Amino acid sequence: MALTVAVQMDPIQAIRIAGDTTFALLLEAQSRGHTLLHYTPDRLSMRDGRVTARVEPLRVQDVEGDHAHLGAQERIDLAEVDVVLMRQDPPFDLAYITATHMLERIHPRTLVVNNPFEVRNAPEKLFVTAYPELMPPTLITRDKQEIEEFRAEHGAVVMKPLHGHGGAAVLRVLPEDPNFGSMFDLFSVTFREPWVVQRFLPRITEGDKRIILVDGEPLGAVNRVPAANDIRSNMVRGGTGGATALTPREQEICAAIGPELRRRGLILVGIDVIDGNLTEINVTSPTGIRAIKRLGGPDLAVPVWDAIEAKVTKPQSA
């Protein structure tokens with residue numbers, strides 16, 4: 001059954017298609033005969049309870065620099081489309097949260113992927129703390145004394161903003177670090193939210209594994225290795241991806257969280273695992289699909305659309 005699919009994303013003209021998961025999803029949707037509509041978050045509106053957007057018809061092709069062709073804009077009622085892909089990149093700020101409130105008005109009559117209520121209530125570095133037995137020791141705070149006591153117990157730590165993304169402002173703090181006071185001051189004036197402080201995992205040099213779960217099932221992974229003299233494995237920060245398989249510990253982690261992801265309607269999720277430790281559960285705009293395929297793994301856009309189509313074509317409860 002052909003669907004009408006609206007994608008809420010950053011401007012498609014500016015994306016780098018070689019590593020863009022949203023683009024992979026659009027290619028697969030188009031290949032299935034679905035109609036694509038594109039809009040950016042600033043064109044989302046709500047008037048008298050109706051959620052609308054100024055959208056453009058979209059055609060895509062896997063040609064860098066000539067990857068997207070947009071038609072004329074028109075305003076539509078998003079309650080009348082079949083699927084909305086909420087795929088803009090973080091930051092997970094009040095604008096992002098507001099968009100989830102608006103899209104919640106049309107879900108599940110229009111299937112929003114991922115479920116906007118659950119996206120809002122599963123901030124990536126907080127949601128993961130529901131599974132402390134799977135994580136490294138973790139502290140969330142703005143309290144300097146708490147951080148100093150945590151450092152005294154665990155030695156080297158990693159500090160990062162609670163709602164940060166893409167590896168930005170991820171810092172390693174050494175057990176005896178003369179820069180800690182300045183780092184604390186910098187974080188204090190730069191970020192209003194609490195920070196995540198985790199025990200440093202030395203085996204990060206061997207990779208930070210991104211595992212993609214589709215409707216709660218782990219279907220592929222890429223091992224991201226940091227560049228020299230960096231602890232951040234994000235490929236946008238210079239990390240390199242390698243083919244990988246899941247270890248028994250990683251399979252255990254996926255089995256523990258998969259049923260809850262499925263229950264929450266989080267169809268496409270990317271988790272991060274370092275040395276058998278779950279560090280993040282990414283639900284906003286997880287990436288990795290194109291890297292996994294490029295490294296010889298499956299095209300995970302296929303099971304994602306299988307899952308979406310199954311949920312659209314069967315009756316849904318409010």
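Two strands count as paired if DSSP finds at least two bridges between them. In this predicted model, strand 14 (residues 217-225) and strand 15 pass that test, with four bridges joining them in an antiparallel arrangement. One of the residue pairs to look for is Val 225 with its bridge partner Thr 240 in strand 15.

**The five-stranded sheet**

Let us step back from that pair to the sheet around it. Strands 14 and 15 belong to an open sheet of five strands in the order 15-14-13-16-17, with antiparallel pairing. Which strands stand at the edges? They are strand 15 (240-243) and strand 17, and since each has a single partner strand, one side of each is left without a neighbour in the sheet. From one strand to the next, the twist averages 30 degrees. As a reminder, strands of a sheet pair through backbone hydrogen bonds, either parallel or antiparallel.

Two loops that link strands of this sheet are worth a look for their backbone angles. Asp 215 sits in the loop between strand 13 and strand 14, and its phi is near 50 degrees, a positive value in a residue other than glycine. Asp 275 is placed in the loop between strand 16 and strand 17. Phi of Asp 275 is also positive, near 50 degrees, and this residue too is not a glycine. Asp 275 has a relative accessible area of 39%, so it counts as partly exposed.

**A buried arginine in strand 13**

Strand 13 also holds Arg 210. Is this arginine buried or exposed? Its relative accessibility is 6%, and because the cut-off for buried is under 20%, Arg 210 counts as buried. Its side chain makes a polar contact with the side chain of Asp 272, at 2.7 Å. Beyond its neighbours within four places in sequence, Arg 210 is in contact with residues including Gly 220, Val 222, Arg 224, Ile 271, Asn 282 and Thr 287.

**Two nonpolar cores**

The largest nonpolar core has 41 residues, and those that touch the most other members are Tyr 39, Leu 78, Val 84, Leu 103, Ile 271, Leu 278 and Ile 281. Several elements each supply at least two residues of this core, among them strand 2 (35-39), strand 4 (50-60), helix 2 (94-104), helix 7 (248-263), strand 16 (268-274) and strand 17 (277-282). A second, separate core of 34 residues includes Ile 17, Val 113, Val 214 and Ala 307.

Leu 78 gives a good view of the surroundings of one core member. Setting aside its neighbours within four places in sequence, Leu 78 is in contact with Ala 6, Tyr 39, Leu 44, Val 51, Thr 52, Ala 53, Val 84, Leu 103, Ile 106 and Thr 110.

**Aromatic rings**

A pair of aromatic rings is described by the distance of the centres and the angle of the planes. The structure holds six aromatic pairs, and two that involve Phe 187 are set out here.

| Ring pair | Centre to centre | Angle between planes | Geometry |
|---|---|---|---|
| Phe 187 and Phe 191 | 5.3 Å | 65 degrees | edge-to-face |
| Phe 187 and Trp 195 | 5.5 Å | 90 degrees | edge-to-face |

How accessible are these rings' residues? Phe 187 is buried, with a relative accessible area of 2%, and Phe 191 is buried at 18%. Trp 195 is buried as well. Ring pairs link Phe 180, Phe 184, Phe 187, Phe 191 and Trp 195 into a cluster.

**Cis peptide bonds and a loop aspartate**

Two cis peptide bonds deserve a visit. The bond from His 107 to Pro 108 is cis, with omega near 10 degrees, and Pro 108 is found in the loop between helix 2 and strand 8 (111-113). The bond from Val 113 to Asn 114 is cis too, with omega near -5 degrees. Asn 114 lies in the loop between strand 8 and helix 3 (116-120), while Val 113 is one of the residues of the second core.

Finally, find Asp 66 in the loop between strand 4 and strand 5 (68-70). Asp 66 is partly exposed, with a relative accessible area of 34%. How far apart in space are Asp 66 and Gln 13? Their C-alpha atoms are 8.7 Å apart, although the two are 53 residues apart in sequence.

Terms used
Residues are numbered from 1 along each chain as its sequence is written. This is a predicted model: local features need pLDDT of at least 70, side-chain atom pairs count only at pLDDT 80 or more; totals for chains, interfaces and linings use all residues. Side-chain values use heavy atoms; hydrogens and water are left out. A nonpolar core is a set of buried Ala, Val, Leu, Ile, Met, Phe, Trp, Tyr and Cys residues joined through side-chain atoms within 4.5 Å. Buried means under 20% relative accessible area, exposed over 50%, partly exposed in between (1.4 Å probe, protein chains only). Contact means heavy atoms within 4.5 Å. A polar contact is a pair of N or O atoms within 3.5 Å; within protein, one must be able to donate a hydrogen and the other to accept it, and residues adjacent in sequence count only if both atoms are side-chain atoms. Axes are lines fitted to C-alpha atoms, for helices over the stretch in contact, and angles run from 0 to 180 degrees between N-to-C directions. Rings of Phe, Tyr and Trp (its six-membered ring) pair if their centres lie within 6.5 Å; planes under 30 degrees apart count as stacked, over 60 as edge-to-face and the rest as tilted.
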